Amino acid sequence: MSSEAINELMQCFPTPDGMLSLKDSRRHDNSQLGRGLSAGLLHAGERLIHGPLSVSLSRLKLGKLKVVRRQLLQRYEHQPFVSCLAGLYGCQWRRYQRAKAQPGECCCSRLECGSFALLIVTFILTLIFLYFWSEAQNDYNDFDWFNFGNLGFWFPWSVVLLVVAAALFTYIALLLVLAVCLLSEGQRLYLHWSHKIGILVTLTFSISATAVLSDLWSKEWTTLLLSFQVTAPFLHVGGVSLMTLLSWPIALHFFRMNKRVRQVALLSLFLAVLFALYLVPLGMYSPCIKEEGTLGPAPTLIGHRGAPMLAPENTQMSFEKAVEAGGEGLETDVTISYDGVPFLMHDSTLRRTTNVHEVFPNRTDTLASMFTWAELEMLSAGSWFLQRDPFGTASSLDEGERVRVQNQTVPTLKEFLNLAAQHEKMVIFDLRRPPQGHPYRDAWIARTLEVIHNESSINSSQVLWLPADQRGLVQEMDPELQQTSGDHSSIEELQEEHIVRLNLHYSYMSQEQIRKYASVNISTNLYVISQPWLYSLAWCAGVHSVTTNALHVLKKLQRPLFLMTPDEYSLVWILTDIISAFLITAIFIFHWWRERGLPFWSGSRQVNENGPYSKFRTELSDVWSISSISVRGEAQSSPITPNLPTITEEPPV
């Protein structure tokens, strides 16, 4: 190519000596500079085409200019996104504050590598705690009342803990997403000091909260394991999808590393986690994965202290609400007053569910059984429900129901049994033995049976007799009572005591054990199940009945939330793994291809751009300029390598 052709290209850039300074470029915004550079290259091509050098230009191949134009536009238009990422992650809003990771370099310094590793660890621990606590919702009410007993005042600690955990997890997850996006863009990581403090605070919270709850509430880890029987298929799909997304930055840095040891370590770790996720379903068990047509009937519902989400627990209104909601049974707790009247009260004192602090301010910690019935009749058993709103449902009550709640009193066992008899509901109750010095300390069983037989209208066959004391004597006195045990005993021991039903905590849920007991006509009742996913699991496991706080919610379930045949589950599992493996392979091939020079087509012939690229930086973006272009000449011409202008950066003023 002649010198005139080179001059034509040089004239497209008005800067002296073919150099565009950063100082001048700062006068224009991002898009204007990109359009100006690309338009200059295109304009140069047009002038050469229509000028006297059109023959020489045919050897230059305008495809080169179009590729450069596209690259320039992409670099300048892409820069605001990178600026936003770096600004949010490390407060590096200006271009000169950050740097790209050069091929072969590590993505960050040792300190930042440590910060990034700590971020990943914090993300994992926070995710575990958030999942653990969200799955423990079934027992939030117990947790709040436990704190009430220790602190002396009511506060929804469970919900506050969930909100805090969710907020901290969201914060850590966003930081991790920003870091991954920066790595995907080839940027060096720099985490701002304020975020480092935030990560340490979140990590401390997650570890402390998990340790405390594990110590006080170790049974909740059983709940966590049970939840995997429902959520594992969805967690598997989510985990595989996440690893598929992470393959992009991992492949990018894998092919840019110049040390084989680092490459092997990175790829080995990634593949180990990936294949572990692929094979997790092999060890998964869920009673809700069963052949079509093998699902049994839904467990019958027993109202735990009535319907405590709709009315104050252990009140006539609560039991009536349970009947209206469709409960097949009613559960309660019985204590005997000082003068021999069995009444309904769960706690050992009256402090939580009555206004004893107003009527008897000096006896708030006195045992409930040490009050006479005349004193108990003076108490309100409903006002606390409106004041504390333990389930957040008090707002759903209309004005008439609120008045009715205020007027609730402590009910007697006789009133409870007559209500159950009227609606033909079975009953089950815990019986608290009076303390030393109580007149009915040794006659508590006899007094309770007297109410069942002589003072109420209930049939003995409707009563699930739970107290283990003097069971043989009770069986002789009334064989029609359904003997119920709260012990996880052997079949032989249960049959010796004529047990026909087990009343167990839901953490003992086992499909194998339930089937074994059912084979000898011993049914199983689990308590307390209020979450739909836990009820679905009990349904699939073949449980006969459950005690619940949420009758009105569980009664609406027409089928388990999660139910699959083995073939359907295998199909979902295999398809997920195959699609993920295909996408990850394609991503690695793409990065391998890109890092070794991109071929592009010009006309009908393929031209490989093998010339080295020189990298320069501006405040707005990274721009790449061609330092050499190989042009195929005609048979009689020799290739010419023009020198295109480059862009330099002046130090910031």
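Contact is taken here to mean heavy atoms within 4.5 Å. The structure described is a predicted model, and the account begins with a pair of helices.

Two packed helices are described by the angle between their axes and the distance between the axes. Helix H6, spanning residues 110–135, and helix H9, spanning residues 193–216, have axes that come within 9 Å and cross at roughly 35 degrees. The crossing of H6 and H9 is left-handed. On the H6 side, the contact involves Leu111, Glu112, Ser115, Leu118, Leu119, Thr122, Leu125, Thr126, Phe129, Phe132 and Trp133. These residues meet Lys196, Ile199, Leu200, Thr202, Leu203, Phe205, Ser206, Ile207, Ala209, Thr210 and Leu213 of H9. By residue class, the contact of H6 with H9 comprises 14 nonpolar, 6 polar and 2 charged residues.

Among the participants in H9 is Thr202. Thr202 has a relative accessibility of 0% and therefore counts as buried, the limit for burial being under 20% relative accessible area. A polar atom of the Thr202 side chain lies 2.9 Å from the backbone oxygen of Gly198. When neighbours within four places in sequence are set aside, Thr202 is in contact with Thr122 and Thr126, as well as with Leu168, Tyr171 and Ile172. Thr122 and Thr126 belong to the H6 side of the helix pair.

Nonpolar cores were examined next. In soluble globular proteins, nonpolar side chains tend to be buried together. The largest nonpolar core in the model has 60 residues, and Trp465, Leu526 and Ile529 are those with the most contacts inside it. Helix H22, residues 532–541, gives the most to this core, contributing 8 residues. Beyond its neighbours within four places in sequence, Trp465 is in contact with Phe429, Leu431, Ile445, Thr448, Leu449, Ile452, Arg471, Val474, Leu481, Gln482, Gln483 and Thr484. Another core, of 33 residues, lies apart from the largest one and includes Tyr140, Ala173, Leu176 and Leu213. Leu213 is also one of the H9 residues that meet H6.

A further buried position is Leu502, found in strand E7, which covers residues 501–505. Leu502 is classed as buried because its relative accessible area is 0%. With neighbours within four places in sequence excluded, the residues in contact with Leu502 are Thr484, Ser485, Asp487, Leu494, Tyr517, Ile522, Ser523, Thr524 and Asn525. Thr484 also appears among the contacts of Trp465. The C-alpha atoms of Leu502 and Gln483 are separated by 8.9 Å, the two residues being 19 residues apart along the chain. Gln483 is likewise in contact with Trp465.

Note on methods
Residues numbered from 1 in each chain as written. Predicted model: local features only at pLDDT ≥ 70, side-chain atom pairs only at ≥ 80, totals over all residues. Heavy atoms only, no water. Axes fitted to C-alpha atoms, helices over the stretch in contact; angles between N-to-C directions. Helix = DSSP H or I, 4+ residues; strand = E, 2+ residues; numbered from the N terminus. Left-handed = near helix turned anticlockwise from the far one by under 90°. Nonpolar A, V, L, I, M, F, W, Y, C, P; charged D, E, K, R; others polar. Buried < 20%, exposed > 50% of the residue type's maximum accessible area, 1.4 Å probe, protein only. Polar contact = N/O pair within 3.5 Å; in protein donor to acceptor, adjacent residues only side chain to side chain. Core = buried A, V, L, I, M, F, W, Y, C linked by side-chain atoms within 4.5 Å.
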